[in-house]
Amino acid sequence: MPHVLHSVRLLGVGVLGVTLLSGCVANNPAASHTALTVDSSATNCAVSANEAPAGSIRFSVTNSGDQVTEFYLLADDGRRIVGEAENIGPGLSRDLVVQLDAGRYFTACKPGMAGDGVGKAEFTATKTDAAATVDVERAAQIDSANSDYAVYVSDQIDQLVTGTDSFAAAYMNGDDDTARSLYAKTRVHWERVETIAESFGDLDPKLDLREADLEEGQDWTGWHAIEKDLWPAEAEAGFEAYSADKRRALTEQLVADTQTLHTKVQGLSFTLSQQTNGAIGLLDEVATGKVTGEEETWSHTDLWDFQANVDGARVLYDGVRRLLLQTDPDLAASLDTEFASLQTLLDAQRVGDGFKLYTDLTPAEIRALADQVNALGEPLNQLTAALVL
Amino acid sequence: MTRSLKNSSSRPYRAESGNESSDTFSAGPTSARGLSRRGLLSLAGAGVAGIGLGVAGERAAMASSSASGSASASAVYPFYGSHQTGIVTPAQDRLHFAAFDVSAGTTRAELIELLQDWTIAAASMSAGRDVGEYGAVSGPYDAPPEDSGEAQGLPTAGLTITFGFGPTLFETADGVDRFGIISRRPAGLTPLPHFPGDDLDEGRSDGDLCIQACSNDPQVAVHAIRNLSRIAFGRAGLRWSQLGFGRTSSTSTTQDTPRNLFGFKDGTSNIKAEEPEVVTDQVWVSVSDGPAWLAGGSYLVARRIRMTIETWDRSFLSEQEAVFGRTKGSGAPLSGGTEFTEPDFVLAGREDQPLISAAAHVRLAHSTQNKGIKILRRGYNFVDGNDELGRLEAGLFFISFQRSPAQFTAVQLNLAKHDALNEYIRHVGSALFAVPGGIPDGSFVGAALFA
């Protein structure tokens with residue numbers, strides 16, 4: 001399914017604040033943070049205080065100028081960005097929440113988003129008992145997580161290409177039994193890295209569009225178009241099996257588009273926020289499409305996709321888990337527990353090397369899976385705020 | 001009739017002296033059909049000859065002396081006028097919307113009679129009176145009350161009742177012209193096209209007739225639909241209906257902009273009653289548009305839009321604001337200013353990307369991005385319990401009024417293809433109705449169509 005938002009998340013919006021917040025819904029207004037205001041005008045960057053206790057600090061930045069502005073919190077070298085609020089339109093306010101260690105920092109604004117900025121001033125986070133220490137190995141660990149994930153994506157797409165070739169050959173030759181047996185198994189390689197594949201806006205609809213998402217007059221290609229032909233029993237009355245020509249055209253397009261995808265993922269690298277947001281995006285896919293049985297309308301192999309999305313999210317989480325243990329061990333513990341509970345529920349539905357069909361699940365089993373997706377989703381969606389520098 | 005027999009037999013005292021009830025029963029099916037045709041009003045007065053469609057019960061008078069002195073409670077909008085109410089009327093807080101199918105076998109004359117009965121009852125309720133000559137509690141003791149009675153003592157709270165005619169009233173899916181009106185069907189009154197992502201439930205879509213009842217008191221709106229559907233028994237039956245509990249648009253500059261269930265202000269740049277040129281240009285069907293019977297009317301589009309609340313609630317604030325293109329707090333466009341500042345779709349921020357992204361809802365829905373097209377939105381929030389997965393069955397019951405269905409289709413196609421919001425919503429119900437113009441006192445809704 002095409003989801004514009006994932007590509008926005010993945011490629012666009014880097015939330016760059018140092019926001020090492022704890023991993024639960026903020027329902028405790030008594031939790032202590034220091035609230036400061038920043039007035040970003042054409043000529044100044046007035047912060048309401050030039051020091052605050054180390055820990056959680058909220059800068060409420062108001063743009064009183066007439067240009068788009070940004071607010072920066074810089075390290076004591078005056079250069080490295082510790083946190084920023086970007087793209088603040090004239091007259092608007094935006095909050096930057098950071099967790100600061102004790103030490104010296106600088107604040108500055110950049111009206112017009114160009115040049116050296118205005119109002120650069122010293123800011124001190126004063127020592128408290130609770131202040132954390134900086135892990136100097138952190139940068140190296142982030143690099144390692146990034147490159148490991150790039151290898152994973154590349155490997156999954158390699159397997160997708162191989163699997164698609166076999167599937168395509170069987171379907172084109174009219175060996176429908178073999179094609180059906182390869183369908184879900186091959187698609188798992190797509191679903192594991194679905195958010196990456198979806199970030200190439202034009203490829204996703206060509207490869208993974210559901211019939212309901214078609215626009216009038218639009219050509220339907222990709223996996224689900226073939227799925228319907230392979231499982232015609234539940235198609236609408238009057239559905240006619242595809243001609244040999246149509247089979248050939250669909251097959252050739254599928255193979256070619258998959259090859260294009262393969263080319264596009266070579267040499268990709270991923271920022272930390274792209275990884276954490278990717279994990280979140282994969283679980284959203286489960287919540288909106290898989291747990292409802294809407295993804296695989298005719299084959300009902302939704303649980304294969306479900307597991308594959310979870311696999312992909314789990315790989316992303318495992319890649320950053322060491323980092324998370326340093327900054328928010330409670331969130332890590334919560335994610336460990338919820339991932340394991342979800343896996344237990346999925347394992348209970350395994351049959352052979354696959355899964356029960358969605359249509360064979362009882363309402364209670366579906367409900368339990370849906371509840372556990374929510375249970376995992378809530379802490380998982382804190383991951384970016386808890387980790388990203 | 002089976003029911004009256006049961007009731008009688010379970011009440012020995014009444015049965016003993018209940019000549020009316022045995023008379024009524026022995027009158028047989030023809031008579032029963034006749035009663036039904038006359039509507040509930042005459043049914044309630046069984047045994048009393050010559051009851052017309054009178055009105056009773058001075059609810060308005062009672063209301064005016066009630067404790068509630070607020071404008072929203074005391075507002076009364078006259079039913080008769082040059083346009084139907086409930087369109088540019090300042091959007092009330094509550095909705096009960098109902099779509100009906102005309103019953104099999106109903107004739108043209110019976111349909112006209114239904115529309116006459118509905119008109120009189122709607123006018124009565126809009127004025128704060130009960131339905132029927134005797135109303136809720138003043139009629140014959142051995143007859144069902146004409147009015148169901150749950151609105152007794154309540155002010156109208158701005159009740160409006162708006163009627164519409166669906167495409168199938170003119171021609172069924174099988175091509176049958178049941179009422180001899182196919183030649184009067186407006187060219188634009190054809191089912192809406194399939195939009196990408198549509199996941200429509202037939203049971204929540206379409207219909208021969210519709211009634212939109214709006215009030216600031218939910219019980220008053222429900223009372224209206226309940227009594228109008230009772231009046232229709234035997235001639236038309238409910239196909240689907242929808243309650244809405246919080247308006248999501250303002251249709252007057254005197255109203256604050258409300259919030260949808262995503263927590264965002266919605267409808268900031270909606271058409272307002274105080275912009276008569278825009279209303280004339282975008283909402284009312286003109287004489288030259290045709291057909292003549294629809295002049296002064298409009299087209300109503302209803303879409304039941306389910307929100308994936310749970311996924312939305314755990315999305316980042318940055319993403320939520322990017323999706324809408326407005327701030328969640330004040331509702332100002334991300335290009336700056338305050339709520340009513342015009343969005344600047346060009347103003348760029350980092351990496352020369354526009355502050356209001358290409359897929360932002362406010363951009364795609366804005367008239368400047370849709371060749372000047374505007375529609376008058378009049379939707380409501382709904383929460384109908386939860387689904388089998390434990391998710392809130394919640395969303396937006398979208399209603400819009402426009403001069404031509406093509407206005408809606410153009411904007412919705414743009415949204416369905418590109419809107420970032422599609423990640424969190426799904427259209428599950430859809431309907432289109434032609435809303436006749438205003439009803440002169442003494443006439444009935446759709447009189448010109450059947451003239």
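Begin by selecting helix 2 (residues 138-172) of chain A together with helix 7 (residues 244-265) of chain A, whose axes come within 10 Å and cross at roughly 170°. The model on screen is a predicted one. Because angles over 145 degrees count as roughly antiparallel, helix 2 of chain A and helix 7 of chain A are roughly antiparallel to each other.

With those two helices still selected, show the side chains where they meet. On helix 2 of chain A the contact includes A:V153, A:I157, A:L160, A:V161 and A:T164, and further along A:A168, A:Y171 and A:M172. On helix 7 of chain A, the residues that meet them include A:R247, A:R248, A:T251, A:L254, A:V255, A:L261 and A:V265. Coloured by class, the contact of helix 2 with helix 7 of chain A has eleven nonpolar, six polar and three charged residues.

Keep helix 2 of chain A and add helix 3 (residues 176-192) of chain A; the axes of this pair come within 9 Å and cross at roughly 160°. That angle makes helix 2 of chain A roughly antiparallel to helix 3 of chain A, and helix 2 passes helix 3 in a left-handed crossing. The residues to display on helix 2 of chain A include A:Q156, A:Q159, A:G163, A:S166, A:F167 and A:A170, while those on helix 3 of chain A include A:T178, A:A179, A:L182, A:Y183, A:H189 and A:W190. The residues of this contact divide into eight nonpolar, eight polar and two charged. A:L160, A:T164 and A:Y171 deserve a label, for they are among the helix 2 residues that meet helix 7 of chain A and also among those that meet helix 3 of chain A.

Next, select helix 9 (residues 302-327) and helix 10 (residues 329-347) of chain A, which pack at an angle of about 160° with their axes 11 Å apart. These two helices of chain A are therefore roughly antiparallel to each other, and their crossing is left-handed. From helix 9 of chain A, A:L303, A:F306, A:V310, A:Y317 and A:L324 are among the residues that meet helix 10 of chain A, where the partners include A:P329, A:L331, A:L335, A:F339 and A:L346. By class, the contact of helix 9 with helix 10 of chain A has 13 nonpolar, one polar and two charged residues.

Now zoom out to the whole of chain A, which has twelve helices and eleven strands. Buried residues make up 46% of its 389 residues. Among contacts in chain A between residues at least 6 apart in sequence, 73% join residues at least 24 apart.

Turn to the interior of the model, where the largest nonpolar core has 124 residues, and B:W118, B:A221, B:A224, B:L228, B:L300 and B:A360 are those with the most contacts inside it. Helix 8 (residues 108-126) of chain B gives the largest share of this core, nine residues. Centre the view on B:A360, which touches B:A322, B:V323, B:F324, B:G325 and B:A420, not counting residues up to four places away in sequence. A second, separate core of 62 residues includes A:W190, A:V320, A:A332 and A:A370.

Finish where the chains meet: 34 residues of chain A are in contact with 34 residues of chain B. On the chain A side, select helix 1 (4-12), strand 6 (81-88), helix 8 (272-290) and helix 11 (363-380), the elements that give two or more residues to it. Helix 11 of chain A gives the largest share of that side, eight residues, and the residues of the side divide into 16 nonpolar, nine polar and nine charged.

Terms used. Residues are numbered from 1 along each chain as its sequence is written. Chains are lettered from A and ligands numbered from 1 in the order in which they are written. This is a predicted model: local features need pLDDT of at least 70, side-chain atom pairs count only at pLDDT 80 or more; totals for chains, interfaces and linings use all residues. Two residues are in contact if their C-beta atoms, placed from the backbone, lie within 7 Å. Helices (H or I, at least four residues) and strands (E, at least two) are DSSP runs, numbered from the N terminus. Ala, Val, Leu, Ile, Met, Phe, Trp, Tyr, Cys and Pro count as nonpolar, Asp, Glu, Lys and Arg as charged, and the others, Gly among them, as polar. A residue is buried if 20 or more other C-beta atoms lie within 10 Å of its own, exposed if 12 or fewer, and partly exposed in between; C-beta atoms are placed from the backbone. A nonpolar core is a set of buried Ala, Val, Leu, Ile, Met, Phe, Trp, Tyr and Cys residues joined through C-beta atoms within 7 Å. Axes are lines fitted to C-alpha atoms, for helices over the stretch in contact, and angles run from 0 to 180 degrees between N-to-C directions. Angles under 35 degrees count as roughly parallel, over 145 as roughly antiparallel, 65 to 115 as roughly perpendicular and the rest as oblique. A crossing is left-handed if the near helix is turned anticlockwise from the far one by less than a right angle, and right-handed if clockwise.
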